[in-house]
2 protein chains.
Amino acid sequence: MGKRPTTTLHFDARAKEMLDDLKRAGLKLTAQREAIVRQFASDVSHPTAQELYDRLRQEFPQMSFATVYNTLDALAAAGLSGTLRLGQAARFDPNTEPHHHAVCESCGEIGDVPAPSLAPSPAAVKQLGRAAPGFRVRAVERIYRGLCAACADNDNDAAPHGDIS
Amino acid sequence: MGKRPTTTLHFDARAKEMLDDLKRAGLKLTAQREAIVRQFASDVSHPTAQELYDRLRQEFPQMSFATVYNTLDALAAAGLSGTLRLGQAARFDPNTEPHHHAVCESCGEIGDVPAPSLAPSPAAVKQLGRAAPGFRVRAVERIYRGLCAACADNDNDAAPHGDIS
DNA sequence: CTTGCAATTTAGAATGATTCTACTTACGTT
DNA sequence: AACGTAAGTAGAATCATTCTAAATTGCAAG
């Protein structure tokens, strides 16, 4: 009943990195943090704290909600997690590569869209300069809103050649 | 003690438009809605529901919080208000022209950045196509993160020529 | 102009997200 | 092994939002 080869057999490398980085940042290595980081490190679904907690609770029934928040805060402070605000609940993102997000307006699915950089383009800086003179841009975040492939297909099925009434 | 010439003397034209649009959408014209719309229509500060409520309560102590939400929902449904998610609380935006937002990471100020359109650029579509094939983009929302002019100035004052230690 | 009803408002309860508190536990150093 | 302190725990507190049931009212019809 020790390590169980359930989901990620090979002990996710990214999780190890994160734990090392936390340690390097002067934080203590605890069983809870290890569990949270393992659960989070390769999660592509942009989970909420609640979602992570629910999954974790199955393995560690004694884990506190506050610990999940504290650990996610620590990860964010260490630059190991990003935060997404789309609804009331914050969503966490272990992807530290520069990227944007695509949100399906039908099913809510959130996808990562890799970007070479979040630095503002010259054109963007120009436009900003007109609207907010003196504003010093650090990064530009984008949200692509639309329909994911699956939902777009459903739409087509429902109305293959325009509206049928 | 009827109409008081306090803030907006001339009975904001945008407010009238909004009320007309609500009526046109089949909604009833109530005193509360008029009050809320007047308060909201030309508000450039991206207020939260709480902030609007607090201001409205001074004039209309009997107004319910739920009414503020209901009215903002109605405005949003009618396309007369946008919603911004930057923190836990939703922020409402009466500006219906296509625009992005610039957020100061120091003081939290939010500015509008007019844009010709929210339609995705060909380059963006291409990038998206690689990351999420089949995704049908409708609009691209941008958040410029950085320092507003005032906060950038303060930074300069604090460390005029690099760090002094 | 009155009547009636459905839409709206209201106060407060309920729900969900997040933070805080006071106390206990245990990591990592000596 | 002992200690100091960071971290964990349960649960209360707080903020944002939605819901509910009852009272009110805009406005369409007569």
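Me: Contact means heavy atoms within 4.5 Å. Which residues does A:Ala139 touch, not counting residues up to four places away in sequence?

Reply: This is a predicted model: local features need pLDDT of at least 70, side-chain atom pairs count only at pLDDT 80 or more, and totals for chains, interfaces and linings use all residues, while side-chain values use heavy atoms, with hydrogens and water left out. Residues are numbered from 1 along each chain as its sequence is written, and chains are lettered from A and ligands numbered from 1 in the order in which they are written. A:Ala139 sits in strand E5 (residues 136–147) of chain A. Past that sequence limit, A:Ala139 touches A:Leu118, B:Ile143, B:Tyr144 and B:Arg145.

Me: Is A:Ala139 buried or exposed?

Reply: Buried means under 20% relative accessible area, exposed over 50%, partly exposed in between (1.4 Å probe, protein chains only). The relative accessible area of A:Ala139 is 8%. That is under 20%, so A:Ala139 is buried.

Me: How far apart are the C-alpha atoms of A:Ala139 and A:Pro120?

Reply: Along the chain, A:Ala139 and A:Pro120 are 19 residues apart. In space, their C-alpha atoms are separated by 6.0 Å.

Me: In what order do the elements of chain A run from the N terminus?

Reply: Helices (H or I, at least four residues) and strands (E, at least two) are DSSP runs, numbered from the N terminus. Chain A comes to 6 helices and 5 strands. Their order is α-α-α-α-β-β-β-β-α-β-α.

Me: What share of the contacts in chain A between residues at least 6 apart in sequence join residues at least 24 apart?

Reply: Chain A has 165 residues, and 33% of them count as buried. Contacts between residues at least 6 apart in sequence make up the pool here. The share that joins residues at least 24 apart is 47%.

Me: What covers the buried residues of H2(A)?

Reply: Helix H2 of chain A covers residues 31–41, and its buried residues are A:Arg33, A:Ala35, A:Ile36, A:Val37, A:Phe40 and A:Ala41. An α-helix has 3.6 residues a turn, so residues three or four places apart point the same way. The cover in chain A includes helix H1 (13–24), helix H3 (49–59), helix H4 (65–77) and strand E2 (90–93).

Me: Which C-alpha of chain B is nearest the axis?

Reply: Chain B can be laid on chain A with an RMSD of 0.0 Å, by a turn of 180° and a shift of 0.0 Å along the axis; copies are superposed by least squares on the C-alpha atoms of residues with pLDDT of at least 70 in both. That is the relation of a two-fold axis. At 2.3 Å from the axis, the nearest C-alpha in chain B is that of B:Arg142.

Me: How much of the contact surface of chain B recurs in chain A?

Reply: The two copies use the same surface. Of the contact residues of chain B, the part that recurs in chain A is 100%.

Me: What part of the atoms of DNA strand C within 4 Å of the protein do sugar and phosphate account for?

Reply: A residue is near a molecule or strand if one of its heavy atoms lies within 4 Å of it. By that cut-off 21 residues surround DNA strand C, the closest being A:Tyr69, A:Ala90, B:Thr30, B:Gln32 and B:Thr67. Sugar and phosphate account for 79%.

Me: Which element gives the largest share of the surface near DNA strand C?

Reply: A backbone N or O atom of A:Ala90 lies 2.7 Å from a phosphate oxygen of this strand. For side-chain N or O atoms, the distance to a phosphate oxygen is 2.8 Å from B:Thr30 and 2.9 Å from B:Arg33. Two or more residues each come from H4 of chain A and from helix H2 (31–41) and helix H4 (65–77) of chain B. The largest share, 3 residues, comes from H4(A).

Me: How far is a phosphate oxygen of DNA strand D from an N or O atom in the side chain of B:Tyr69?

Reply: The closest of the 20 residues around DNA strand D are A:Gln32, A:Arg33, A:Thr67, B:Tyr69 and B:Ala90. A side-chain N or O atom of A:Arg33 is 2.9 Å from a phosphate oxygen of this strand, and a polar side-chain atom of A:Thr30 also lies 2.9 Å from one. For B:Tyr69 the distance is 2.5 Å.

Me: Which residues does B:Thr48 touch, not counting residues up to four places away in sequence?

Reply: B:Thr48 is in the loop between H2 and helix H3 (49–59) of chain B. With a relative accessible area of 8%, B:Thr48 is buried. Beyond its sequence neighbours up to four places away, B:Thr48 touches B:Ala89, B:Ala90, B:Arg91 and B:Phe92.

Key:
Polar contact = N/O pair within 3.5 Å; in protein donor to acceptor, adjacent residues only side chain to side chain.
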